[in-house]
Each structure stands twice: as structure tokens, then as C-alpha cells.
Amino acid sequence: MTTTSAPDSTARGWERWAALGGCAFAFLYIVAFTTTGIDFDDTDRAVLAHYASSSARAKEMVAFFLISAAALSLVVFGNGLRTAISRGTDRSDPLAALAWAGTTGCATLILAGNALSRATALAAMDDNFVLNPSTRKLFENAGYLLFVSGTLAAILLVASVAIAVFRRRTLSRWVGWVSVVAALLLPLAIIFVGFLVFLVWVLAVSVSLWSHGRAERAAVVTV
């Protein structure tokens, strides 16, 4: 009788959490940008009207927490990928370390960009605050560039996954090819397209991680 055992249950658990974290990241981000009204006309009149509205300011704060939660979900996603990449290797595996660096860099820059972009809404809650539309645009552009920088940092994560797939068969081969394409397109974050590509990539890898985990749980076969 021969028994093949499944991989370490702790590692599989982190991969399942990674899949959930990746889906949560995409979902929270989409909700933040489609339901809270944070994307609006940037003319001076529209800016003043937006921040004069208490409901608009409240929605900005809701968006702040949604995007913050998305960034934390990305950390869970990246940690699971780090575990998957380093499986069967030394804990100091440089490829896993590179993926983790890309994850933490991206999440940190997203948190910073989110705080900067929502700062105007928080300041506008003070009755003594006098809003200058040009200053708001400066803050918004600075926040946007931090988001762009976060997407560029994610290239390290995406590229590490691609290499791990082709060298170690960490995940399905199609994930490797999708990762190569995504890594090449992420610099388009400067026109927001790159970030949409990153969202799609995170969802695709999350599906693969979940499917991979289910396949491995069924890998205990007794002959």
C-alpha cells in the first residue's frame, strides 16, 4: 500500500487565504471607485461643490476605509503567494523575498496615496477650513502618483510569480503567461490602465490559488 500525502496543511491554508485576500482586494477597490463618488469633474466649481457637501465628504471617508482594507487584503494575498513560491525551498528564498517586497511596497504606497487623496475631505469637515481648488488638485495628483508608484512596485510581485511558475511549476502554466503580459502592461498605470490590469491579474491568480488548493487537498491517494 502506497500513500502520497498532500503538502503541508499550513501552507495550503495560507494559499486559500491568499485567494480570498486577492478577491477582497479587487472587490473593495471596485466598490470604492464605483459607489462613493470620489471620481468627479475637477473644475473649480465642481471641487468646491463636492467638498461643501457633507454626504460627499462622508463618502470620501467611506472610500478611505474601503481602499485601506483593500491594501491590507493585498498583503494577505501576497503573503500566500510568498508561501507558494517558497514551498520546498529554503526560507530565505530570494524569489519569495522579491515577491514579498513587491507586495509590501505596493500596499504601502496605496495606503499613502489613499491618505493623501482623502486628506482634503477630512480637512473640509472643519468649519474654519478654506478650500483652495488648486491645492486640492495638488494633493489629488500627488496621491494618484503614489497609486501609480504602488502599481509599478507590484511588477516585482508579478514578475516573481511568472518566474516561479516557469521554473518551479508553482501554479498553472497559464498563470505564468498572464503574469508576463501583466508585468509588461503595469507601467501603463500612469494612465490608470495598468492598475486595471493589476486588478484582473490578482483575480486570475486568486482563482488559480483556490483551484490549486482544492486539487492538492484531493492529492492524498491510497493505492
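1. A friendly place to begin is Arg169, which is exposed, with a relative accessible area of 68%. Since this is a predicted model, please take every value in this note as computed from it. Arg169 sits in the loop that joins α5 to α6 (173–185). Its phi is near 55°, a positive value in a residue that is not glycine. For context, most residues other than glycine have a negative phi. Arg169 also comes right after helix α5 in the chain, and α5 turns up in several of the points below.

2. Phe192 makes a good companion case. This residue belongs to the loop between α6 and α7, and its phi is near 75°, again positive in a residue other than glycine. Is it buried, partly exposed or exposed? With a relative accessible area of 33%, Phe192 is partly exposed, because the partly exposed class runs between 20% and 50%. If you are checking the backbone, Arg169 with phi near 55° and Phe192 with phi near 75° can be looked at together.

3. Now for the overall layout. The chain holds 7 helices and 2 strands, and along the sequence they come in the pattern β-α-α-α-α-α-α-α-β. It has 223 residues, of which 44% count as buried. Among contacts with a sequence separation of 6 or more, 79% are between residues 24 or more positions apart.

4. Helix α5 deserves a paragraph of its own. It has 36 residues and spans 52 Å from first C-alpha to last, close to the 52 Å expected at 1.5 Å a residue. What reaches the backbone nitrogen of Ser134 at the start of α5? A side-chain oxygen of Asn132 does, coming within 2.9 Å of that nitrogen. Beyond the other end of the helix comes Arg169, with its positive phi near 55°.

5. How does α5 meet helix α2 (residues 44–52)? The two axes come within 9 Å and cross at roughly 85°, so α2 and α5 are roughly perpendicular to each other; the class covers angles from 65 to 115 degrees. The residues of this contact divide into 4 nonpolar, no polar and 3 charged. On the α2 side they are Asp44, Val47, Leu48 and Tyr51, and on the α5 side Pro133, Arg136 and Lys137.

6. Two further residues of α5 are worth selecting in your viewer. Ser160 lies in this helix, which covers residues 133–168, and counts as buried because its relative accessibility is 0%, where the limit is under 20%. Setting aside neighbours within four places in sequence, Ser160 contacts Ile85, Leu95, Leu98 and Ala99. Glu140 is also found in α5. With residues up to four places away left out, Glu140 touches Ser117 and Arg118. The C-alpha atoms of Glu140 and Asn114 are 9.4 Å apart, with their positions 26 residues apart along the chain.

7. The pairing of helix α3 (residues 54–86) with helix α4 (residues 94–123) has another geometry. Their axes lie 9 Å apart and the packing angle is about 175°. Angles over 145 degrees fall in the antiparallel class, so α3 and α4 are roughly antiparallel to each other. By type, the residues of this contact divide into 19 nonpolar, 7 polar and 4 charged.

8. Ser73 lies in helix α3. Is this serine buried or exposed? It counts as buried, because its relative accessibility is 12%. Which residues does Ser73 contact, leaving aside its neighbours within four places in sequence? They are Gly21, Ala24, Phe25 and Leu28.

9. Last, a serine in helix α7 (residues 193–217), namely Ser208. This residue is buried, with a relative accessible area of 4%. Its C-alpha atom and that of Val175 are separated by 7.5 Å, although the two residues are 33 apart along the chain. Val175 is also one of the contacts of Ser208 once neighbours within four places in sequence are left aside; the others are Leu171, Ser172 and Trp174.

Terms used: Residues numbered from 1 in each chain as written. Predicted model: local features only at pLDDT ≥ 70, side-chain atom pairs only at ≥ 80, totals over all residues. Heavy atoms only, no water. Helix = DSSP H or I, 4+ residues; strand = E, 2+ residues; numbered from the N terminus. Buried < 20%, exposed > 50% of the residue type's maximum accessible area, 1.4 Å probe, protein only. Contact = heavy atoms within 4.5 Å. Axes fitted to C-alpha atoms, helices over the stretch in contact; angles between N-to-C directions. Parallel < 35°, antiparallel > 145°, perpendicular 65-115°, else oblique. Nonpolar A, V, L, I, M, F, W, Y, C, P; charged D, E, K, R; others polar. Expected span 1.5 Å × (residues − 1). Polar contact = N/O pair within 3.5 Å; in protein donor to acceptor, adjacent residues only side chain to side chain.
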